Amino acid sequence: MKTKILFLAMLALVQISQAQKLITKSGHIWFYSKTPLEEIDAHNRQAVGTLDPATGEMAFQLLIKSFEFKRALMQEHFNENYMESDKYPKASFKGKITNLDKIDFKKDGVYPAEVSGDMTIHNVTKPLSAKGTLAVKGGTVIANAKFLTTAHDWDIEIPSVVEDKIAKQIEVTVDVTYTANQ
Amino acid sequence: MSKRIRFILVFLIVALIAAVAAWKYTFKKSESNVASHKTEVTIDAPELLQAFEINEDSANMKYLDKVILVSGTVGSISKDSLGYTVYLKEEDAISGIVCSFDNASFDSALVKPGSQINVKGICTGYLMDVIMNKCYIGD
């Protein structure tokens, strides 16, 4: 509740200033792991994200339990054994576009974008940089990015019995459509 | 029939049943859960939202991972490559319930902005809104 009031207050402030903050409530963030034994993909379509075209500030928040797996048992293990989603229900990112001068939010087009900031998963916060694109079209902005991460980075222990089924490098894809008002 | 053959037969049958059960358990499809699942909580959208706004922790304890039948007013509908998102929001509210549907479980003829609907899904938590996924249109 407190964070929400803060967020809404921030939103209101930004709306008073010249540029309007962009928002999504149905951001699609998914990950993919592939080993010779197993291919896993899990999708979260409910990420909340904000993007401030004036400052380049970018923030995401999502619920771990919102990741949908093809198999129920995998989803259960992911939540209970690895991510401990009852204890750490959310993951978040807060950062900035570092090449903001190369992006014109007033002109339609696809711009290469670089973002860096801090990501928090499983109660571990680490710096993260990613490259991707921002596609400006009319009033909407579509952000696409891919980056690699490991379970180890976030203090997630993978038991040796399933070690061969989970890739060392897990690919995370961000596919988010921002609009001015939602 | 000798004792030995009978034993082997029984053993084989038991092994077969165990194998089928293990297979079904391991490869259980996640989607099939909600529609056939019994509703655990029936609640109005504003009441569910309020529970999370007042105390997120206690609402998590009460509603997380539960199959919930929520009734509310459709604020907006959006579509992406994986399915539909219905935003249940009362007219002057600032937050609502975000409900995600797979393409197969959504009927655009039934859901129009402003209409009153029942959505059955699993509550996964609270961000700026209450989040439900694997949703179906309820009765």
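This report looks at strand β4 of chain B, its partners, the core around it and the contact with chain A. The model is predicted.

**The strand and its partners**

β4(B) spans residues 97–102. Five of its six residues are buried, so the strand is mostly covered. β4(B) pairs with two strands of chain B, β3 and β6.

| Partner of β4(B) | Residues | Bridges | Direction | Residue facing C99(B) |
|---|---|---|---|---|
| β3(B) | 83–88 | six | antiparallel | V86(B) |
| β6(B) | 130–137 | three | parallel | M132(B) |

C99(B) links the two pairings: V86(B) has C99(B) as its bridge partner, and M132(B) in β6(B) stands opposite C99(B).

**The core**

The largest nonpolar core holds 56 residues. V86(B), C99(B) and M132(B) are among the members that touch the most other members. So are V70(B), L88(B), I97(B) and V130(B). β6(B) gives the most to this core, with five residues.

What does I97(B) contact beyond its neighbours within four places in sequence? The list includes V70(B), L88(B), V130(B) and M132(B). A45(B), L48(B), L49(B), G72(B) and D129(B) complete it.

**The contact with chain A**

Chain B puts 24 residues into the contact, and chain A puts in 23 residues. On the chain B side, the elements that give two or more residues are α1 (3–26), β2 (67–80), β4, β5 (116–126) and β6. β6(B) gives the most to this side, with three residues. By class, the chain B side has eight nonpolar, nine polar and seven charged residues.

β4(B) thus appears in both settings: its residues I97(B) and C99(B) are in the core, and the strand also gives residues to the side that touches chain A.

Terms used:
Residues are numbered from 1 along each chain as its sequence is written. Chains are lettered from A and ligands numbered from 1 in the order in which they are written. This is a predicted model: local features need pLDDT of at least 70, side-chain atom pairs count only at pLDDT 80 or more; totals for chains, interfaces and linings use all residues. A residue is buried if 20 or more other C-beta atoms lie within 10 Å of its own, exposed if 12 or fewer, and partly exposed in between; C-beta atoms are placed from the backbone. Helices (H or I, at least four residues) and strands (E, at least two) are DSSP runs, numbered from the N terminus. Two strands pair if DSSP finds at least two bridges between them. A nonpolar core is a set of buried Ala, Val, Leu, Ile, Met, Phe, Trp, Tyr and Cys residues joined through C-beta atoms within 7 Å. Two residues are in contact if their C-beta atoms, placed from the backbone, lie within 7 Å. Ala, Val, Leu, Ile, Met, Phe, Trp, Tyr, Cys and Pro count as nonpolar, Asp, Glu, Lys and Arg as charged, and the others, Gly among them, as polar.
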